[in-house]
Amino acid sequence: MIELRQLTRRYGEVTVVDGLSFDVRPGVVTGFLGPNGAGKTSTMRMILGLDRPTSGSATIGGRRYADLPVPLREVGALLDAHAVHPRRTAFDHLLSLAYGNGIGRRRVEEVLGLVGLADVAGRRPGGFSLGMKQRLGIAVALLGDPPVVLLDEPVNGLDPEGIRWIRTLTRSLAAEGRTVLLSSHLMSEMALTADHLVVIGRGRLIADTGLEAFVQAAARQGVLVRTPDARRLAPLLRESGATVRPGVDGGLMVTGLSGAEVGGLAGAHGIVLHELTPRRASLEDAYLELTGDSVEFATSAAGVVS
Amino acid sequence: MTAYGVLRSEWVKFRSVRAMLGCLAGAVVAAGSYGYLFGTAAAREYLGASAADRAAFDPTETAFRALVLVGVLVSAVGVLAVTSEYAAGTMPVSITAVPRRGLLLLGKGAVVALTTLLVGPPLALLSFTLSQAALAAQGVPSVGPGDPGVPAALLGAGLFTGLIGLYGMALGFLLRRSAGAISLGTFLLILPGMASLFPKPVARWIVTWWPSAAGARIFAVHPGTELLTPLAGAGVLAATVLVLLCAAVAVFRGRDA
Ligand SMILES: Nc1ncnc2c1ncn2[C@@H]1O[C@H](COP(=O)(O)OP(=O)(O)OP(=O)(O)O)[C@@H](O)[C@H]1O
Ligand SMILES: [Mg+2]
């Protein structure tokens, strides 16, 4: 369990992490979301005792990271996959970290096998692909078989097979009862991996809720209707209190009425329907809707033209 | 997280940084070649000197002069032990493995000190042997490694290089960049060689008290009374290194990784 209490970090005038309070619970994968520059990496660095909070606290099972007697056996983290010495072999990289925590060569070999790097254990990571470096970073995180795992954008640069591997890995870590905090910008992937979400924007907490609840609360659900008689149906739907927008290729996106209600209304007026599909909002829809105000580096079409 | 574990961990890191091995190899070359060159120069001077000057000639004086230049490379070893981590971006990972930063610095310091301490006497012996050979080749008086005072100077070289290694490491922690720390470290080490550029009293002070000059007194086989004794000189260097190390611990603990 990771506990954040009013965690705050300022750089001069800029508040990068702003009074964050939430718990990361064991047994589930907690997705950590937020636009670029929202403060996810900064938060993780404070949890790991790398940066000092301006105020507030981040603890693991009640203790500050720096007070953990054997830290790698309690917390494993991947922050930056590029952080390897180009000439230190994968094996030595892990061994150097293992020794400080009373972990032996056998576990180093084991963990290299676990991430699929056994064959390149003796090679220098200078020539590794990004995906291989990510795997080495994951190996560091798993080195001490820790009950708490923090992964900052672990799927960044991985191929589809690697992405699926991370998904399976994180899900099984959580299933074993571990605490897993995972940040990523890939919403489709997050939707498949996370059970719980913590969303931040400009350093502030936006949401701390289950994945399902998040999607349902944030995004409008709707019904896609396709009919040759849209001109008659649209006003009828509006009279019944629905919002109707033109959907993709001639259809109507109806919100505020269920599929059954739309079908019933059309039937009562003898209107033929070609399609009636409930549209579930995706995590991406929900996320974009919720963080729209806190995106720091937004792109705008207007900006390009003017 | 035991001190021994941290020491082993730092040793694994140390042996895989090639630039440091390059510096150690360079130190061997410097000790040999400068030892020989200083010996040759001293021999030439001796042959052109008056009888009175010849009588005062001390062949041990030239024997260890190369060690100050060797020190430049040894300090670079200390610098690189730290800055190679910052350059590769591995310092945050190292700190998550050993979050007690004082202990991490201590482990690094132990590896740097032990390595540089062990290379000191062989390097000194190399410089000594070649300088005395250069003297003997021209028929100038020379001494052997077993002569009075010489073994102490040879062993003292380990203390000198060990302290200089730690000096480099402290600069590495303070500056974090290889180029900056090596340049500054080199400049400060060889400053006494430029003492004659300063006004007399300042030059006098530098030659006596400047830490690298004071530390080089460790090699004085016949110390005389004008300058510090070998022990006092070593003390000055050690105190300076200690102050730098304390500053390094404070800075390393206080800032973001
Ligand atoms: N040392 C620093 N000095 C000043 N500002 C900093 C420093 N470190 C981070 N920041 C700022 O903190 C903010 C948050 O950065 P952080 O890396 O935590 O965001 P993030 O959520 O991880 O973003 P991304 O999704 O792009 O990785 C950024 O605006 C960044 O510029
Ligand atoms: Mg980030």
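Contact here means heavy atoms within 4.5 Å. By that criterion, and in what is a predicted model, A:Phe214 meets A:Leu197, A:Val199, A:Ala207, A:Thr209, A:Leu283, A:Ala286, A:Tyr287 and A:Leu290, once neighbours within four places in sequence are set aside.

A:Phe214 also takes its place in a wider setting, the largest nonpolar core, which has 142 residues. Together with A:Leu94, A:Ile138, A:Leu143, A:Leu150, A:Leu197 and B:Phe64, A:Phe214 touches the most other members of this core. Helix 8 of chain B, spanning residues 150-175, is the greatest contributor, giving 13 residues. A separate core of 15 residues lies apart from it and includes A:Val225, A:Leu233, A:Leu252 and A:Leu257.

A:Ile138 turns up again in a helix pair. Helix 4 (residues 130-142) and helix 5 (residues 160-175) of chain A pack with their axes 12 Å apart and at an angle of about 10°. Because angles under 35 degrees count as roughly parallel, the two helices of chain A, 4 and 5, fall into that class. Helix 4 of chain A brings A:Arg135, A:Ile138 and A:Leu142 to the contact, while helix 5 of chain A supplies A:Glu161, A:Gly162, A:Trp165, A:Ile166, A:Leu169 and A:Leu173. Sorted by class, these are 6 nonpolar, 1 polar and 2 charged residues.

A charged residue of chain B completes the picture. B:Lys13 sits in helix 1 of chain B, residues 3-15. Its relative accessibility is 5%, and B:Lys13 therefore counts as buried, the cut-off being under 20%. Beyond residues up to four places away in sequence, B:Lys13 touches A:Arg88 and A:Ser96 from chain A, along with B:Glu85, B:Ser94, B:Leu104 and B:Lys108 from chain B.

Definitions and conventions:
Residues are numbered from 1 along each chain as its sequence is written. Chains are lettered from A and ligands numbered from 1 in the order in which they are written. This is a predicted model: local features need pLDDT of at least 70, side-chain atom pairs count only at pLDDT 80 or more; totals for chains, interfaces and linings use all residues. Side-chain values use heavy atoms; hydrogens and water are left out. A nonpolar core is a set of buried Ala, Val, Leu, Ile, Met, Phe, Trp, Tyr and Cys residues joined through side-chain atoms within 4.5 Å. Buried means under 20% relative accessible area, exposed over 50%, partly exposed in between (1.4 Å probe, protein chains only). Axes are lines fitted to C-alpha atoms, for helices over the stretch in contact, and angles run from 0 to 180 degrees between N-to-C directions. Angles under 35 degrees count as roughly parallel, over 145 as roughly antiparallel, 65 to 115 as roughly perpendicular and the rest as oblique. Ala, Val, Leu, Ile, Met, Phe, Trp, Tyr, Cys and Pro count as nonpolar, Asp, Glu, Lys and Arg as charged, and the others, Gly among them, as polar.
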